[in-house]
Amino acid sequence: MNRVKPEQASAPSLHTRPIREHRFRAMTQEAAMPQLHVPARLEQLAAVNSFLSENIPPRFLPALLNLELVTEELLVNVFSYAYPEGTTGNAEVTLREVFFDGQDMLCFSVRDWGAPFNPFAEVPAPDLSLDTESRPIGGLGIYLIRNVTTHQAYSREDGANRIEVYFSLPEQE
C-alpha cells in the first residue's frame with residue numbers, strides 16, 4: 001500500500017493531467033482536469049474548498065454549495081478512517097465536466113490509498129423514521145450525498161479507492 005511519510009505529506013499540490021477512462025466513466029473525449037493532492041488531514045478541507053471554488057466551471061456554480069457539502073462528507077471520512085492511526089496518507093480530488101447518461105455533468109472524484117471501503121455498498125441506509133436519539137450513528141452522510149448528486153460510483157484500482165459523484169446542470173435537474 002502506498003503510504004506517505006508525514007514529511008512528504010505537508011502541503012497540497014495542484015496538477016492537471018489527461019483523463020483515463022474507467023469502466024464507470026462515460027467520457028466522450030479526452031480532456032485535462034484540475035487535480036489536487038492533499039495530506040489526509042482535516043485541516044486540508046479549506047485548501048480543497050478553495051480548489052473547488054477556483055476550478056468549478058462557471059455553468060456549475062449553482063451546484064457549488066452541494067459540491068462543498070459532498071466534499072466535506074467524503075473527505076472527513078477519508079481523513080478520519082482510511083489510514084491506520086498514527087499514519088498520514090494522501091487524498092486526491094479532481095473536477096471535470098463529462099457527458100454522462102445523455103447529460104452534461106460535473107464529476108467530482110476522491111481517491112485515497114487507504115483500506116478498501118465502498119460507502120455506497122457498505123453503509124446501511126439510515127432509518128429516518130427514528131428520532132435522532134434512537135437512530136444509530138452513521139449513514140446520514142451517504143444518504144445526503146445520494147440525494148444531492150445525480151449518480152455515484154466506487155471502484156478499487158491499483159490499491160486505491162475512487163469515489164465519483166456527478167452533479168447535473170441546474171437546468172437539467
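A residue counts as buried when its relative accessible area is under 20%. Keep that cut-off in mind for this tour of a predicted model.

Start by selecting strand 3 (90–100). Of its 11 residues, 9 are buried, so the strand is largely enclosed by the rest of the structure.

Next, add strand 4 (103–112). Strand 3 and strand 4 pair in the antiparallel sense, over 10 bridges. Label E97 and look across to strand 4: L106 stands opposite. Then follow the chain to the turn. The two strands form a hairpin with 2 residues between them, and D101 in this turn has a positive phi of about 55 degrees.

Now select L67 and F108. Within the largest nonpolar core, which has 34 residues, these two touch the most other members. Several elements give two or more residues to this core, among them helix 1 (45–55), helix 2 (64–81) and strand 6 (160–168). Helix 2 supplies the largest share, 7 residues.

Which residues is L67 in contact with, leaving aside its neighbours within four places in sequence? Show L52, I56, L95, L106, F108 and F167 to see them.

A second, separate core has 5 residues; V98, M105, C107 and Y166 are among them.

Keep Y166 selected and add F100 for the last stop. The count of aromatic pairs is 1. F100 and Y166 form this pair, which is stacked, with 4.8 Å centre to centre and 15 degrees between the planes. The pair links distant parts of the chain, since F100 lies in strand 3 and Y166 in strand 6, 66 residues apart. Both F100 and Y166 are buried.

Note on methods:
Residues are numbered from 1 along each chain as its sequence is written. This is a predicted model: local features need pLDDT of at least 70, side-chain atom pairs count only at pLDDT 80 or more; totals for chains, interfaces and linings use all residues. Side-chain values use heavy atoms; hydrogens and water are left out. A nonpolar core is a set of buried Ala, Val, Leu, Ile, Met, Phe, Trp, Tyr and Cys residues joined through side-chain atoms within 4.5 Å. Buried means under 20% relative accessible area, exposed over 50%, partly exposed in between (1.4 Å probe, protein chains only). Helices (H or I, at least four residues) and strands (E, at least two) are DSSP runs, numbered from the N terminus. Contact means heavy atoms within 4.5 Å. Two strands pair if DSSP finds at least two bridges between them. Rings of Phe, Tyr and Trp (its six-membered ring) pair if their centres lie within 6.5 Å; planes under 30 degrees apart count as stacked, over 60 as edge-to-face and the rest as tilted.
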